[in-house]
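Here is a short set of exercises to work through with the structure open beside you. Try each task before you read its solution.

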Amino acid sequence: MTQSVKINLRHLHFLEPLREWRILDITTLRQESGVPVSEPSFSKAMSRLEKARAIKKAPDPWSKRKWVYLTPLGEKLLGYEGPSVCEERILHDAR
């Protein structure tokens, strides 16, 4: 059974900073997106995007921050053509 998740244009605006930075923590991503939205609404949108497999989250074991980066699907949705984040080096790229 396939599950459909709706991604709207506003959700894609949340991800715009990832074009430049490739990987950001949740708080910085929310600030850099410039979209006025409450923290619970932003978290819900991030959960939807993760469920749709447009982004992935990676927890930092030292700082407890959650890092967000684009999946190949997310890169395609944003029209990103730069280097992808290597999952083996997420914490290195985050630093």
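**Exercise 1. Find what covers the buried side of α4, then describe the helix itself.**

Solution. Start with the surroundings: in this predicted model, the cover over the buried residues of α4 includes α1, α3 (26-33) and β2.

Next, pick out the residues being covered. Within α4, the buried ones are Phe42, Ala45, Met46 and Leu49. Viewed down the axis of α4, these buried residues fall within an arc of 100°, so they line one face of the helix. A general rule helps here: an α-helix has 3.6 residues a turn, so residues three or four places apart point the same way.

Now turn to the opposite side. The face of α4 directed away from its buried side carries the exposed residues Pro40, Lys44 and Lys51.

Finally, check the geometry. With 13 residues, α4 reaches 18 Å from its first C-alpha to its last, close to the 18 Å expected at 1.5 Å a residue. Just after α4, Arg53 takes a positive phi of about 65°.

**Exercise 2. Place α4 in the overall fold: what is the order of helices and strands along the sequence?**

Solution. Count the elements first: the protein has six helices and three strands. Along the sequence they follow the pattern α-α-β-α-α-β-β-α-α.

Then look at how the chain packs. Of the 95 residues in the protein, 37% are buried. Among contacts between residues at least 6 apart in sequence, 52% join residues at least 24 apart. The accessible surface comes to about 6,500 Å², and carbon and sulfur atoms account for 52% of that surface.

**Exercise 3. Which residues of the largest nonpolar core touch the most other members?**

Solution. The core holds 17 residues, and those touching the most other members are Phe14, Leu15, Leu18, Leu29, Met46 and Ile55. Two or more residues each come from α1 (9-15), α4 (39-51) and β3 (66-70). The largest share, four residues, is from α4.

Follow one member outward to see the packing. Beyond its neighbours within four places in sequence, Met46 is in contact with Phe14, Leu15, Ile26, Leu29, Ile55 and Lys57.

There is also a second, separate core of five residues, including Ile23, Ala58, Trp67 and Tyr69. As background, nonpolar side chains in soluble globular proteins tend to be buried together.

**Exercise 4. How many salt bridges does the structure hold, and how accessible are their partners?**

Solution. The structure holds three salt bridges. A pair qualifies when a side-chain nitrogen of Lys or Arg is within 4 Å of a carboxyl oxygen of Asp or Glu, so check each N to O distance against that cut-off.

- Arg19 and Glu16 meet at 3.2 Å. Arg19 is partly exposed at 36% relative accessibility, and Glu16 is partly exposed at 32%.
- Arg65 and Asp25 have their closest N and O atoms 3.8 Å apart. Arg65 lies in the loop between β2 (55-59) and β3, and Asp25 in strand β1 (residues 23-25), so the pair ties together parts that are 40 residues apart in sequence. Arg65 is partly exposed, with a relative accessible area of 38%, whereas Asp25 is buried at 10%.
- Glu50 and Lys57 meet at 3.6 Å. Glu50 is partly exposed at 33%, and Lys57 is partly exposed at 25%.

One link back to the core: Lys57 is also among the residues in contact with Met46.

How values were computed: Residues are numbered from 1 along each chain as its sequence is written. This is a predicted model: local features need pLDDT of at least 70, side-chain atom pairs count only at pLDDT 80 or more; totals for chains, interfaces and linings use all residues. Side-chain values use heavy atoms; hydrogens and water are left out. Buried means under 20% relative accessible area, exposed over 50%, partly exposed in between (1.4 Å probe, protein chains only). Contact means heavy atoms within 4.5 Å. Accessible areas come from the Shrake-Rupley method with a 1.4 Å probe; for residues, only the protein chains shown count as cover. A nonpolar core is a set of buried Ala, Val, Leu, Ile, Met, Phe, Trp, Tyr and Cys residues joined through side-chain atoms within 4.5 Å. The expected span of a helix is 1.5 Å times one less than its number of residues. The arc is that of the directions from the helix axis to the C-beta atoms.
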